[in-house]
Structures are given as C-alpha cells and as structure tokens.
Amino acid sequence: MCNFILKMDKTPKFPDDFHLRCFNYVGLAQILTEVVEEVRLSIDREVNGADLLYSLLSAPWLYSLLRPLFSFFHWSSAVPQIMASVRGLAAPSSEAQELYILLKCPHMQALLSAHDSVAQRDYGPVLPPLPDKLPDNEEAMRIVCLVKNKQPLGATIRKNEKTGNFFIARVIHGGLADRSGLLYPGDKLVEVNGQKVRGLQPEHVIQMLNLNFWVNYPFNSMVDYSPLQDPAIPCPDAGMAFSKGDLLKIVDQRDIRWWQARKLHSASLCCGLIPSTNHKQRELWWSQPYQAHTCIRPCTLITHTDTYTHRCLNFCALFKMFVGIINENKCIETAGFRHSLRVWRRKSYSKRKPSCYSCGVSSCHNTSATLYEEVVHYQRHIDDPPRLIVLIGPSGVGVNELRRRLIKINPNTYQGPISHTTRSQKMGEKNGREYHFVTKEVFAYMVVNHKFLEYGEHNGHMYGTSLDSFQDVLDNGKICVIDLEPHCIHSVRTKKLKPYIIFVRPPSPARMKQTRKDPHFLSNRYIKRYFYDKDFEEIEEASRTMEAKYRQYFDCVIVNDDLQDSCMDLFTAIQHAQEEPQWIPASWFAPDHP
Ligand SMILES: Nc1ncnc2c1ncn2[C@@H]1O[C@H](COP(=O)(O)OP(=O)(O)OP(=O)(O)O)[C@@H](O)[C@H]1O
C-alpha cells in the first residue's frame, strides 16, 4: 500500500477540440464561413422546410457555434434581466410566461449557475504547491488531492497503537472517497494538508479530515463468555454474555480492563461489560471447564505412534514415511475429488489423540491467544479475485457431495484444486487434470518448503493439496471451492485468499435416516458401506464438537437436509460471498498482513 499526503483538488481538463477551436478567432471565422455556405446550398436545393430544419439542427457546426456562445454567455447575470424584461411586458405571450416560470425555478437557476461556473472554469480551490522536499522513498508516496464539500469523506481510519501510524480502515461504498477512487483500505496516512499525523490522537486526525463520523469497528468474538462464571468481573449483572462468532460493537474502551459493548445484530440496545483484550486475568475465566477451548499441542510433543499421521515432520521422518508403507486398504479414487486424501484423513483421525490436531503448516497455532478479532465490512470489487470458498463439515455429512454437484452443474464457474501425488499415473489420466504427478523427492521438497496446506499418505503414496493450487484455479478465472479440515482454517485465512467459510451441518439423526437410505459413505475402516443408525448419531456429535470449536470462523451455515435445497443454499451463499458486503478480519487490510 502506498503512503499519501491528502491535499486539495486539481482542475480537470476539458478536452474538446471543437471548443478550443471556437475560442480561437480564426477558427470561429472559418466555422461561420462554412455555416453561411451550408445555408446557401440548402436554400439553392429545393428541399422542404422540415428537412432543412432537421439538417440544420443536426449539423455539427451548429453545436460548435452554440458551445462558445453558451460558454461566453453569463446566464446567472442574464436571467434577472430577462425576467425583468418579461415582467415589464404589458401583455406577455404564453411563451414569455412559460420562460418566466422556468427561469424562476430554483433548480433551473442552480443549473445555469453551475453552467456558468464550468464554462468560466471558475471552480476548485487553488491548490497548495507540492512539498519541496519529498522523502527519500518518494516513489512509494501518493499525493491525494480531494475537494471536500459538506458530505462526509466516507472513510474511516485506524491507528496502530504500537507505531502511532494511521491507516485508512475502510472506504464506505458510494461515499466521497470511494467515488474519487483515490483512497483504499490499508493506505497509510502521512500528512493532511501539510501536517504530519503520526502519533496524533485519532480524534485530532478525524477533525483534520472532517470525517464527520468515527466508527469503532465491531469485533468478532473468538470465545464463549459468561459473566456469571467469571470470578474476576466486578459486577456480574453488568456483564454481557456472548458466544463465539457474535459481532460486538465496542462502545467504551476507557477502562483498560473492562470494555462496554453491545451485540451488533441484537434487538437490545443495552451495553454490558466484557473483558478487554489486555485484561490480565482473562485466563481465570478462559480456563473454566465450560470453555470448549482448543488445546493444541505443539509439534514437538507428537508421540511415536503418531509419526505416520502427523505432518510436522523433518526430512528423515518424511522418508521413513515413504519406506514404511501402511498398506491397509485399496485406494478408492474418483478423478479430481481426492478420495485418497479423504481416506488418508479418515485414517489419521483414528490415530490422533483427542483435541490434538497437527497436519498442516500452520496447524500449530494456538487459537486461545485471541479473544476478539476486529472485523470490517468488505464488498468484493469486480476486479478482485473471487473469494476462496471453503466447505467444512463432519465426515459423512455430504460436504463432497455438495461440492461435486456444484462443480458438475457449473464447471465453467467453479473448480476444485488439483492435488499432488507420488503415485504413478494411470491409463487415461493426465498430469495436472486428475493430479499433479510428482516424484517422492519433489513431494518431500514441497513439504519441507511448506507448500502444502495438508498432506498425507495412503497405500504407500503421498497426497497433498498445495496452496498454489488455489491460485491455479483463480488463474483459470474460476471460483475455487475446497473441502477442508477445520484445523487447517488458519492456513487459508489470508488477505490473498479471503476465504468464505461455509459449515455444512447435518439435520437431526432421524431426518438423516430418512434422507440417506441409499447412499454409501466412507466408514472408519476406510470402506464404502451403507449408513448405520449409529453413524448418524456420530455425525451429529462430531458436528456439535466442530461447531463449538470453530463457529467463530464460519461465515455461513447450511443444513444438508434435502440435497436439492442444500445445493441451492450453497449456490446462493457463494453468490452472497462474491457479490455482497461481508464482515472480514480487519487485519486482512493491514499492509504487513500476508
Ligand atoms: N442431502 C443428502 N441427501 C442424501 N444423501 C446425501 C446427502 N448429502 C450427501 N449424501 C450422500 O451421503 C454420502 C456421504 O456424502 P459425502 O461423501 O459427500 O460425505 P463427506 O461429508 O464428504 O464425508 P467424507 O469426507 O468422509 O467422505 C454420499 O453417498 C452422498 O451421496
């Protein structure tokens, strides 16, 4: 993002050749000669009056003549004179009366006055001169000149408390800043009319910019909180309970330990106390048993038995994995839909210890570090790449069925990423279509260089989804749709991918039993079989656990009851994600965010 100095407006050019010619005496004389000649020829020709009038009115020279005439004419001063003349008439004609009414109309007077200003080029403040001394890195500096009327600028600013720098936090759609096309979220504000802003109080900068409003961004809560179970809160009755994913509007931050907030989409306007982000004692309630908080073990604690399934491996371990093939089942594959990867996932679940996941490059991420996440309203611009669509759900709920149908119905719009594998290419397969077929060495190199979002082994072959494969889909001009294990969410939550996360929730077990009569699913023993009753209960239980843990990241929830309806819901949700404003983390606009 570029730095910029805010300055005032610059007069636009009026690029019209005819117009310029008419200001020139020689040009005007030439046009008049052409006009006289044209009229003479028209009279000599025996044409009827209507034709003559039509050709006269549509003649380009007429416009050329009228332009300077209108430009030279000062309507604002002529109008009172015309009106006085009409008033002075003893018996004004109906046309004169109509003209009088028209000229009296304030809209018409405003229009004529605007015309005069434009014609005389009498607008815009005189610009202050450019600064003599531009900083050394002037190439990265953008000078923005805006003429501001009484309208708000239509932008909000954010201060980085550590550096004291100010950034444009958001540009309100359709506002002055947006229409100017000169300000973008993430731009660093350096000076306003020659005055440096770094280190100033936000209120001061707001005043300088005449922002007219100052919006405190809402926060997305990343935890569940119950004041009644918080021993540290000074007055539990004044506290406000909230759940993961609730949008909180912070109203008062003056107390460094307890903020006042209200829920954004709640009918109640009443505020309540919530712990501030720098509340030292938050661990007290954070560690309460009711918190279903994530306990993610660091990679170094992976036990020996997990070696084959955990991904935080060094090179040696990786090769050990290649050699120590676990040959448990036949690989079930469907072109492009990564069944092998899913079988591997299933296997790795059974070997994982509860509440400890580790497979992707960034899975060693402690989500408990953040209480709230600042969010901003984001409206995807038509030129922005489409947002990554991420489907998440308990195994067997139908995530892949929905994804498969979506892509099948509209293959020109949606596509899944192509995975990498070390297995050999089969007859009829094409490199880069079903899979990227690579050697074990290349695969290992990619692992070591953190190229994979997730990877695993099945039947002695490695399978992995690279982060670059999403970019390939975008480069094809399509929307990338992936299914993801929730512990990998952090790897895709980037400024570049701006993922829109859809959670696929099962209907009740009874309803699943009704709707899933024929379908097969991949059982824990990695074989395809019909659903049993206990499968539905397990799916519901897994869904509950997943939602409790990751709800704060979900942008949308779809209940996969009737398949047709769910496909429609998915389609609508994706459209919303791409075309309508959504809340996204403010950090995605920070200049230093990946
Ligand atoms: N709404 C639905 N109605 C009926 N059958 C469904 C529905 N959704 C999915 N199915 C069927 O349920 C079975 C399991 O679905 P799917 O393979 O998509 O599960 P999944 O969530 O991707 O799980 P896994 O990743 O373990 O394969 C499939 O046979 C699929 O056709």
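This report describes a helix, a helix pair and a strand residue in a predicted model.

Helix α18 comprises the 18 residues 533-550, and because a rise of 1.5 Å a residue should give a span of 26 Å, the distance of 26 Å between its end C-alpha atoms agrees with expectation. Its buried residues are Asp 535, Phe 536, Ile 539 and Glu 547. They cover an arc of only 100° around the axis, which means that they sit on the same side of α18. Elements covering these buried residues include β19 (500-505) and α17 (509-515), whereas the face of α18 turned away from the buried side carries Asp 533, Lys 534 and Glu 537, which are exposed.

Helices α5 and α7 pack with their axes 8 Å apart and at an angle of about 140°, and they are therefore oblique to each other. The residues through which the two helices meet are set out below.

| Helix | Residue range | Residues in the contact |
|---|---|---|
| α5 | residues 75-88 | Trp 75, Ser 76, Val 79 |
| α7 | residues 106-119 | Gln 109, Leu 112, Ser 113, His 115, Asp 116 |

Taken by class, the residues of the contact of α5 with α7 comprise three nonpolar, four polar and one charged.

Thr 156 belongs to strand β3, which runs over residues 155-159. This residue, Thr 156, counts as buried because 23 C-beta neighbours lie inside 10 Å, the cut-off for a buried residue being 20 or more. Between Thr 156 and Phe 167, which are 11 residues apart in sequence, the C-alpha to C-alpha distance is 8.6 Å.

Definitions and conventions:
Residues are numbered from 1 along each chain as its sequence is written. This is a predicted model: local features need pLDDT of at least 70, side-chain atom pairs count only at pLDDT 80 or more; totals for chains, interfaces and linings use all residues. Helices (H or I, at least four residues) and strands (E, at least two) are DSSP runs, numbered from the N terminus. The expected span of a helix is 1.5 Å times one less than its number of residues. A residue is buried if 20 or more other C-beta atoms lie within 10 Å of its own, exposed if 12 or fewer, and partly exposed in between; C-beta atoms are placed from the backbone. The arc is that of the directions from the helix axis to the C-beta atoms. Two residues are in contact if their C-beta atoms, placed from the backbone, lie within 7 Å. Axes are lines fitted to C-alpha atoms, for helices over the stretch in contact, and angles run from 0 to 180 degrees between N-to-C directions. Angles under 35 degrees count as roughly parallel, over 145 as roughly antiparallel, 65 to 115 as roughly perpendicular and the rest as oblique. Ala, Val, Leu, Ile, Met, Phe, Trp, Tyr, Cys and Pro count as nonpolar, Asp, Glu, Lys and Arg as charged, and the others, Gly among them, as polar.
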